[in-house]
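Visitor: I have a structure with a ligand in it and would like to talk it through. Could you put it up so that we can both look?

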Amino acid sequence: MRKAGILGLGYYLPPKRLTNSDLEKMVDTSDQWIMTRTGIKERRIAGKDIATSDLGIKASKLAIQDSGLKPEDIDLIITATITPDMAFPATGCIIQDKIGAKNAAAFDINAACSGFVFGIVIAQQLVSTGAYNNVLVVGAEKLSSIVDWEDRSTCVLFGDGSGACVIGASDNRVIVSSFLGADGSGADLLKLPAGGSRMPATKETIKQRLHFLKMEGNEVFKIAVRIMVEAANKAITKVGLGCEDIDLLIPHQANIRILMAVAKRLGLPEEKIFMNIERYGNMSAASTAVALAEASKKNKIKRGDNIVLVAFGGGLTYGAALIQW
Ligand code: COA
């Protein structure tokens, strides 16, 4: 088995900002409520003519450029998203065509907010075995297309964006350990009820606003802390490390209170937690992808650091990956 590491990173945020004061004009909420309950100040919103693949393409091109490779060197594209351009074909196939990765296979995965971590782990395994050489993992979301802008309990939380990384054989930035988990008994806590085979689109489903994201926020909150801590612990203890060995935790940016509670339980000081939730909100699969790329670009990571990516999301799914930089 060869070592698999990160060869390149990229991220993209659409320019339009939706601030808490903008939301005050749309629903019965306040900047103060949103800031104190979630830590979010603003989020990015993609234009009407922009789809998830368009966001993913921008991050992918940057990641490939950063890796020093050419699009035709990519032999597999894994796209994590819950807001695909369409139910099918896979958004990854659209990205593959538009970036000119003509030698790449492509498929999408749906592990909701944990999707990018799941994608990295799949890529690491495929590179380690020698089955693939340069795998592009994309986390891209246009959550604004499934958010109910009349529901104040959810619309304040989410934003649009994309991040990507290229994983290949490398002795640097190596993915050394991981853990993936799921608990389908929590499937109803966070879902988009209609538009699938269980409840195909009808006039009635549209009238009942069932094509928008629904969430039991309180329940998700309680479970989130426990499963993120479990995932991080399992990934680091597998290779004989402890929490004290973590140099930077890059968590899924769901809610600042969740992140603080996770940090406390892992015994990590605030400066060891990477956060950009204030500027981007929760971007589901794009959150950890953007956070990893941004942390690297802003020199928050140095050679030899132990980085833990950890996420949870709809499914419920959860996972962590330990990267030795
Ligand atoms: N503005 C103002 N008031 C709001 C509001 C908003 N945007 N959204 C909800 N409220 C109100 C509620 O109606 C409720 O009012 P009531 O007490 O009169 O009934 C009150 O605020 C408290 O609501 P509650 O849901 O208990 O708040 P909370 O502290 O649990 O925060 C979340 C709500 C959604 C921010 C929080 O539960 C959360 O972050 N959950 C996890 C969500 C998550 O991470 N999801 C992504 C998973 S990947």
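Guide: A word on terms comes before the ligand: domain bounds here come from an automatic or database domain assignment. This is a predicted model, in which local features need pLDDT of at least 70 and side-chain atom pairs count only at pLDDT 80 or more, while totals for chains, interfaces and linings use all residues. Residues are numbered from 1 along each chain as its sequence is written, and side-chain values use heavy atoms, with hydrogens and water left out.

Visitor: Okay, why does the ligand lie between domain 1 and domain 2?

Guide: Domain 1 (4–171) and domain 2 (176–324) both give residues to the shell around the ligand, so the ligand lies between them.

Visitor: How many residues surround it, and which are the closest?

Guide: The ligand is surrounded by 23 residues, where a residue counts if one of its heavy atoms lies within 4 Å of the ligand. The closest are T29, R37, R152, N218 and N255.

Visitor: What is the mix by class?

Guide: The shell has 10 nonpolar, 9 polar and 4 charged residues. Here Ala, Val, Leu, Ile, Met, Phe, Trp, Tyr, Cys and Pro count as nonpolar, Asp, Glu, Lys and Arg as charged, and the others, Gly among them, as polar.

Visitor: And which element gives the most to the shell?

Guide: That is α8, with 4 residues; helices (H or I, at least four residues) and strands (E, at least two) are DSSP runs, numbered from the N terminus.

Visitor: What about distances to T29 and R152?

Guide: One nitrogen atom of the ligand is 2.6 Å from an N or O atom in the side chain of T29, and a nitrogen atom of the ligand is 2.9 Å from a polar backbone atom of R152. For R257, an N or O atom in the side chain is 3.1 Å from an oxygen atom of the ligand.

Visitor: New topic: where are the cis peptide bonds at P89 and L316?

Guide: One joins F88 and P89, with omega about 5 degrees, and P89 lies in the loop between β4 (76–80) and α4 (91–99). Another joins G315 and L316, with omega about -15 degrees, and L316 is in the loop between β12 and β13 (317–324).

Definitions and conventions. Polar contact = N/O pair within 3.5 Å; in protein donor to acceptor, adjacent residues only side chain to side chain.
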